[in-house]
Amino acid sequence: MVIRVIGTGGHYRAVKEVLEERCDCEFENVSIEQFYELEGNDLTNPISVYFIAIGDIATRVKLNQVFEDQKVSLARLISVHSTVSSSCDIGGGSIVMPAAVLRTGVTVGVHSILNTASVLDHDCRIGGFVNISPGAVLC
């Protein structure tokens, strides 16, 4: 399975590092322009999944609509250097960066970014398309 990562900026570089932590993960980078060239094609290819690595929320919302229209779920990425309770519910397209901590009962909506060393304590609920800043603590 190949993860196609959409984006080329700073957030892409951070996502790339999370993917490189995993030895079993093959991925390729796709620019927004390349994605729009693919858009007319069927995105439900069973040998690849997608992840939107773009920090700008409005752009993530726009790109997500293309996947929703084709009923395609996006990958969720969790750094091996984070701590995530087994009782957490993390939406597709979201990423948990290194040193982030998600305690029991945390719910994260789709396409959210839980940045480096952020902490979501028990039973926190955040919606979709949310960026949690590095070092933020929610409880």
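Trainee: In what order do the four strands of the open sheet stand, and what is the sense of their pairing?
Mentor: The order is β4-β7-β10-β13, and the pairing is parallel. This is a predicted model.

Trainee: What makes β4 and β13 edge strands?
Mentor: Strand β4 (77-78) pairs on one side only, and β13 (131-132) likewise pairs on one side only.

Trainee: How do you know that β10 and β13 are paired?
Mentor: The two are joined by two bridges in the parallel sense. Pairing calls for at least two bridges, so β10 and β13 qualify. Within this pair, the residue opposite Ile113 is Asn131 of β13.

Trainee: Which three strands form an open sheet, and in what order?
Mentor: They are β2-β1-β3, in that order, with parallel pairing. The edges are β2 (26-30) and β3 (48-52), each pairing on one side only. From one strand to the next, the twist averages 25°.

Trainee: What makes β1 a partner of both β2 and β3?
Mentor: Five bridges link β1 to β2 in the parallel sense, and five bridges join β1 to β3, also parallel. The requirement is at least two bridges, so β1 pairs with β2 and β1 pairs with β3. For an example on each side, Ile6 stands opposite Val30 in β2, and Val2 has Ser48 of β3 as its bridge partner.

Trainee: Why is β3 called mostly covered?
Mentor: Four of the five residues of β3 are buried.

Trainee: Which helices lie across β1 and β3, α1 and α3 included?
Mentor: Helix α1 lies across β1, β2 and β3, and runs at about 170° to β2. Helix α3, residues 57-69, lies across β1 and β3, at about 160° to β3.

Trainee: Which elements give two or more residues to the largest nonpolar core?
Mentor: That core has 14 residues; Ile3, Val5, Val15 and Leu19 are among those with the most contacts inside it. Two or more residues each come from β1 (2-6) and α1 (10-20). The largest share, four residues, comes from α1.

Trainee: What does Leu19 contact beyond its neighbours within four places in sequence?
Mentor: Leu19 is in contact with Ile3, Val5, Cys25, Phe27 and Leu77.

Trainee: Why is His11 called buried?
Mentor: Its relative accessible area is 14%. The limit for buried is under 20%, so His11 falls inside that class. His11 sits in helix α1. Not counting residues up to four places away in sequence, His11 touches Ala53, Ile54, Gly55, Ile95, Met97 and Ile113.

Trainee: How many salt bridges does the structure hold?
Mentor: The structure holds two. Side chains of opposite charge can pair when their charged atoms come close.

Trainee: What makes Glu28 and Arg4 a salt bridge?
Mentor: Their closest N and O atoms are 2.8 Å apart. The cut-off is 4 Å, so the pair meets it. Glu28 belongs to strand β2 and Arg4 to strand β1, and the two are 24 residues apart, linking distant parts of the chain. Glu28 has a relative accessible area of 34%, so Glu28 is neither under 20% nor over 50% and counts as partly exposed.

Trainee: How do you know that Glu20 and Lys16 form a salt bridge?
Mentor: The N to O distance between their side chains is 3.0 Å. That lies within 4 Å, so the term applies. Both residues lie in helix α1, four residues apart, about one turn of the helix.

Trainee: Are Glu20 and Lys16 buried, exposed or partly exposed, and why?
Mentor: Glu20 is partly exposed because its relative accessibility is 45%. Lys16 is partly exposed because its relative accessibility is 31%. That class lies between the 20% limit for buried and the 50% limit for exposed.

Trainee: How many disulfides does the structure hold?
Mentor: The structure holds zero. A disulfide is a covalent bond between the sulfur atoms of two cysteines.

Trainee: Why is there no bond between the sulfur of Cys88 and that of Cys124?
Mentor: The sulfur of Cys124 is the closest cysteine sulfur to that of Cys88, yet it is 9.8 Å away, too far for a bond. For Cys124, the nearest cysteine sulfur is that of Cys139, at 6.6 Å, and Cys124 is in no disulfide. The cut-off is 2.5 Å, so 6.6 Å does not meet it.

Trainee: What makes Cys88 and Cys124 buried?
Mentor: Cys88 has a relative accessible area of 16%, and Cys124 has one of 10%. Buried means under 20%, so Cys88 and Cys124 are both in that class.

Notes. Residues are numbered from 1 along each chain as its sequence is written. This is a predicted model: local features need pLDDT of at least 70, side-chain atom pairs count only at pLDDT 80 or more; totals for chains, interfaces and linings use all residues. Side-chain values use heavy atoms; hydrogens and water are left out. A nonpolar core is a set of buried Ala, Val, Leu, Ile, Met, Phe, Trp, Tyr and Cys residues joined through side-chain atoms within 4.5 Å. Buried means under 20% relative accessible area, exposed over 50%, partly exposed in between (1.4 Å probe, protein chains only). Contact means heavy atoms within 4.5 Å. Axes are lines fitted to C-alpha atoms, for helices over the stretch in contact, and angles run from 0 to 180 degrees between N-to-C directions.
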